[in-house]
Amino acid sequence: VVPEEGEEADVTCDIADLVNYENSKELIQMCNTQESTDTLEPIVDLSRSDSANLDSVFEIMCKSRTHRAPCALMALVPSAYEDEPYLKPHPEITDFYKFHGGLLEAWDGPALLVFCDGKSIGASLDRNGLRPARYTRMKDGTVYMMSETGVIPDLVESDIVEKGRLGPGQMINVDLATNEWKDNIKIKSEIASKHPYGEWMAKYTKTMPPSAFSETRTLDDPALVDLQVAFHINDMASSGKETTYSMGDDAPMAVLSERPHPITSYFKQRFAQVTNPPIDPLREGVVMSLAMTLGKKASIYKVSEEGARIIKLDSPLLNPADMDYIRSLSSESNGGFVNEAISTRYPLSAGPSGLEPAVQALCDAAVTAVSDGAEIIILSDRPSPTHPSDTSTYIPPMVAVGAVHHALIDAGLRMETGIVVETGAAWTTHQIACLVGYGAHAVHPYVALESIQQWHDLTKTKSQMKMGKIPSVTVAEAQANFKSAIEAGVLKILSKIGISLLSSYQGAQIFEAIGISEEVVDVAFKGTTSRIGGLSFEDIANEVVLMRPDADATKLGNFGYYKPVANSGE
C-alpha cells in the first residue's frame with residue numbers, strides 16, 4: 001500500500017502494467033476524489049483469465065483506500081447470506097452483502113482465494129464451497145492453510161491450538177500488525193460495522209412489494225390473437241412446470257428451417273465444462289438467487305449512502321402491477337427514479353431495410369434518455385396510437401436490448417441505468433434467459449400473461465378443470481404458475497453453467513449464435529461467436545413480418561415448433 005506523506009510503506013506493488021499509470025500516489029488521490037476513471041480503464045480485459053481480472057479489480061479496490069483486503073473480497077465474492085442461520089445474530093453482515101450486491105455483480109464459480117494487502121493475510125471460499133480449504137493454528141501464532149490435511153507432515157499435535165475447514169462463503173484472516181487471528185464472523189462483523197449499511201438501505205432502497213396478478217383483460221380476443229400470432233405464444237399456466245419434450249429432436253435448426261423463427265432460436269446456451277461444475281438447483285437452491293436490481297449503480301471506489309439508492313427485485317419476471325410500481329417511483333416524493341419508456345416499434349412502410357435505422361434510432365434515444373437522467377429504461381413493443389399493430393412492426397426484443405446495452409457501454413453510461421423489456425416475444429425460459437443474458441434486468445411478458453387469462457376463460461379449459469383433467473386454478477394462480485415455471489427454468493439454465501446468481505448471469509452473453517451475420521453481431525451481440533454467419537438486419541425484419549397474422553386470422557397458427565405438422569417445413 002503506497003503511503004501518504006510521512007508514513008512508512010508496508011509493502012510496495014507496481015501496478016503500472018494494470019492501469020498504465022506510473023504514479024501510485026496520484027492514483028490513490030484520483031480514486032478517492034473520483035476526479036476521473038478514464039485512466040483506470042480497462043481494469044477488466046477479455047484477453048485475461050477470470051482469475052486475473054478478479055485480481056485486478058481486487059487490487060484497485062484496495063488501492064482506492066475505501067476497502068481493506070477482506071472488505072474487497074467480501075464484496076466481490078459474497079457468501080449465500082439470505083438463508084444462512086449462523087448470520088441471523090449478525091444483521092450487519094447481511095446488510096453489508098445486500099448493500100454491495102447493488103454496486104457490483106458477484107464473481108461466481110468455484111474458488112479458494114488467498115489474499116494479502118501487506119496489513120493482513122487471509123483466505124476465503126466461494127459461496128458453494130466447491131473447493132476444499134483446511135487450516136491449522138499453532139501455539140506460536142503460526143497459521144497454516146492448505147487444500148487438504150497432511151500437506152505439512154511435521155506438525156506436533158500438542159502444539160496445535162485449532163484445526164478447521166472453511167465452509168461455503170467463509171473467510172479467515174490474520175492481522176499482521178496485531179498478530180490477531182480472526183475467524184469468519186469476527187472479521188466480517190468488524191468490516192460490516194464500519195458503515196451503517198442497514199440505515200442507508202432503510203432510507204434509500206426500494207424493494208418491489210409482492211403483487212397480485214391481474215384478473216382483468218386489457219385486450220379483446222381479436223387484438224390478442226393478432227399479437228399472439230405476431231409473437232407466437234404458448235403457456236405453462238396449468239401445471240406451473242415447463243413442457244416436457246422428447247430427448248430427441250429431429251426438427252431442423254432455425255438457420256436451416258423453411259419457417260420463420262424468433263431470433264432467440266438462433267442462439268444456443270453454452271454450458272459448464274472443466275472448471276465450473278453444474279449446480280443442482282433443487283438440492284443447492286440455498287446458494288442460488290434470481291434477485292435483480294434496477295437503477296443507477298454507485299462507484300465501488302467510494303462507499304457512501306448513494307450506493308443504497310436502488311430498486312430491489314426478487315425476480316426478473318414482472319407483471320402489470322410491478323410495472324405500475326416501477327413507474328410510480330419516478331415521482332420525487334417516492335424516490336425520484338426517473339424512468340423513460342421507449343417504443344421498439346417502427347413503420348411497416350419502412351420495409352426490410354427499415355430495421356437497421358430503427359435500431360440505431362432506438363440506441364440514440366436510449367443514450368439521450370440516460371444522459372438526461374433516466375435511471376430506468378423501458379423498451380416496449382406494445383402497439384400504441386403512434387404505432388398501431390396493423391401499420392407497424394417491432395424490433396425483436398433481443399436485438400433491441402442487446403443494441404441498447406452495447407450503445408450505453410460505448411457511451412460510458414451503462415452503469416447509470418437499468419433496462420426493463422416489455423415484450424410480447426418472450427414466453428419461454430430460453431427467451432427470458434436470452435434477454436437477461438444480453439443486458440435486461442427485468443422482463444414484462446405482457447402478451448404471455450394476457451394469453452393465460454384468455455386460456456383460463458375458454459369453455460374447454462373450464463370443462464377440463466371441472467372434470468379434473470387439469471388442476472383447477474384461478475386466473476391469478478394460473479399466471480403465478482407461469483411465473484414459477486419460468487423462474488424454475490431460468491434456475492436450471494444457470495445451474496448448467498455453474499452460476500448461482502442471476503445478477504452474475506445478466507449481460508454475460510454466455511451464448512453462441514448459429515446463423516447471425518457479423519453486421520448484426522457487431523451492433524447487438526458484440527463478443528458473441530457466430531461461426532457461420534447468417535441473418536442480416538433485412539433477413540431478421542423479414543422473419544418478423546412473416547410471423548404476422550393474416551387479416552382474417554381468428555386463431556393461432558401452428559409453426560411446427562412444438563408439434564410436427566405436415567408440410568410445415570419443420
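# Helix packing, salt bridges and sheets

Student: In which handedness of crossing does α13 pass α15?

Tutor: The model under discussion is predicted. In it, helix α13 covers residues 446–457 and helix α15 covers residues 475–497. Where α13 passes α15, the crossing is right-handed.

Student: At what angle do α13 and α15 pack, and is the arrangement parallel, perpendicular or oblique?

Tutor: Two packed helices are described by the angle between their axes and the distance between the axes. For α13 and α15 the axes are 9 Å apart and the angle is about 135°. That angle makes α13, with respect to α15, oblique.

Student: Which residues of α15 are met by α13?

Tutor: On the α13 side, the residues involved are A448, L449, I452, Q453, W455 and H456. Their counterparts in α15 are V475, A478, Q479 and F482.

Student: How many salt bridges does the structure hold, and how far apart are the closest N and O atoms of E190 and R68?

Tutor: Side chains of opposite charge can pair when their charged atoms come close. The structure holds 13 salt bridges, and one of them joins E190 to R68. In that pair the closest N and O atoms are separated by 3.0 Å.

Student: How many residues apart are E190 and R68?

Tutor: E190 belongs to helix α6 (residues 184–192). R68 sits in the loop between α3 (50–63) and α4 (69–76). The salt bridge therefore links distant parts of the chain, and E190 and R68 are apart by 122 residues.

Student: Are E190 and R68 buried, partly exposed or exposed?

Tutor: The relative accessibility is 25% for E190 and 29% for R68. Buried would require under 20% and exposed over 50%. Both E190 and R68 therefore count as partly exposed.

Student: Which residue forms a salt bridge with K186, and how accessible is that residue?

Tutor: K186 is partly exposed at 38% relative accessibility. The closest N and O atoms of its salt bridge are 3.3 Å apart, and the partner is E180. E180 is also partly exposed, with a relative accessible area of 30%.

Student: How many residues apart in sequence are the parts tied together by E422 and R327?

Tutor: E422 forms a salt bridge with R327, with the closest N and O atoms 3.7 Å apart. E422 lies in strand β16 (residues 418–422), whereas R327 lies in helix α9 (residues 320–328). The pair therefore ties together parts separated in sequence by 95 residues.

Student: Which of the two residues E422 and R327 is buried?

Tutor: R327 has 32% relative accessibility and counts as partly exposed. The relative accessible area of 4% lies under the 20% limit for the buried class, so the buried residue is E422.

Student: Which residues are joined into one network by salt bridges that share partners?

Tutor: E190 has already appeared as the partner of R68. Salt bridges that share partners join these two residues and two others into one network. Its members are R68, D175, K182 and E190.

Student: Why is β16 largely enclosed by the rest of the structure, and which of its residues lie on the side of E422?

Tutor: Five of the five residues of β16 are buried, so the strand is largely enclosed. Both faces are covered, with I419 and V421 on one side. The other side carries G418, V420 and E422.

Student: Which residue in β17 is the bridge partner of E422?

Tutor: β16 pairs in the parallel sense with strand β14 (residues 376–380) over five bridges, and there S380 stands opposite E422. β16 also pairs in the parallel sense with β17 (residues 442–444), over three bridges. In β17, the partner of E422 is H444.

Student: Which are the edge strands of the sheet β9-β18-β19?

Tutor: This open sheet has three strands and mixed pairing. Strand β18 (residues 511–513) pairs with β19 in the parallel sense over two bridges, and E512 stands opposite T529. Each edge strand pairs on one side only, and the edges are β9 (267–269) and β19 (529–530).

Student: By what angle are neighbouring strands of the sheet β4-β3-β5 turned against each other on average?

Tutor: The three strands form an open sheet with antiparallel pairing, and its edges are β4 (143–146) and β5 (160–165). Direction ignored, the average turn between neighbouring strands is 10°.

Terms used. Residues are numbered from 1 along each chain as its sequence is written. This is a predicted model: local features need pLDDT of at least 70, side-chain atom pairs count only at pLDDT 80 or more; totals for chains, interfaces and linings use all residues. Side-chain values use heavy atoms; hydrogens and water are left out. A salt bridge is a side-chain nitrogen of Lys or Arg within 4 Å of a carboxyl oxygen of Asp or Glu. Helices (H or I, at least four residues) and strands (E, at least two) are DSSP runs, numbered from the N terminus. Buried means under 20% relative accessible area, exposed over 50%, partly exposed in between (1.4 Å probe, protein chains only). Two strands pair if DSSP finds at least two bridges between them. Axes are lines fitted to C-alpha atoms, for helices over the stretch in contact, and angles run from 0 to 180 degrees between N-to-C directions. Angles under 35 degrees count as roughly parallel, over 145 as roughly antiparallel, 65 to 115 as roughly perpendicular and the rest as oblique. A crossing is left-handed if the near helix is turned anticlockwise from the far one by less than a right angle, and right-handed if clockwise. Contact means heavy atoms within 4.5 Å.
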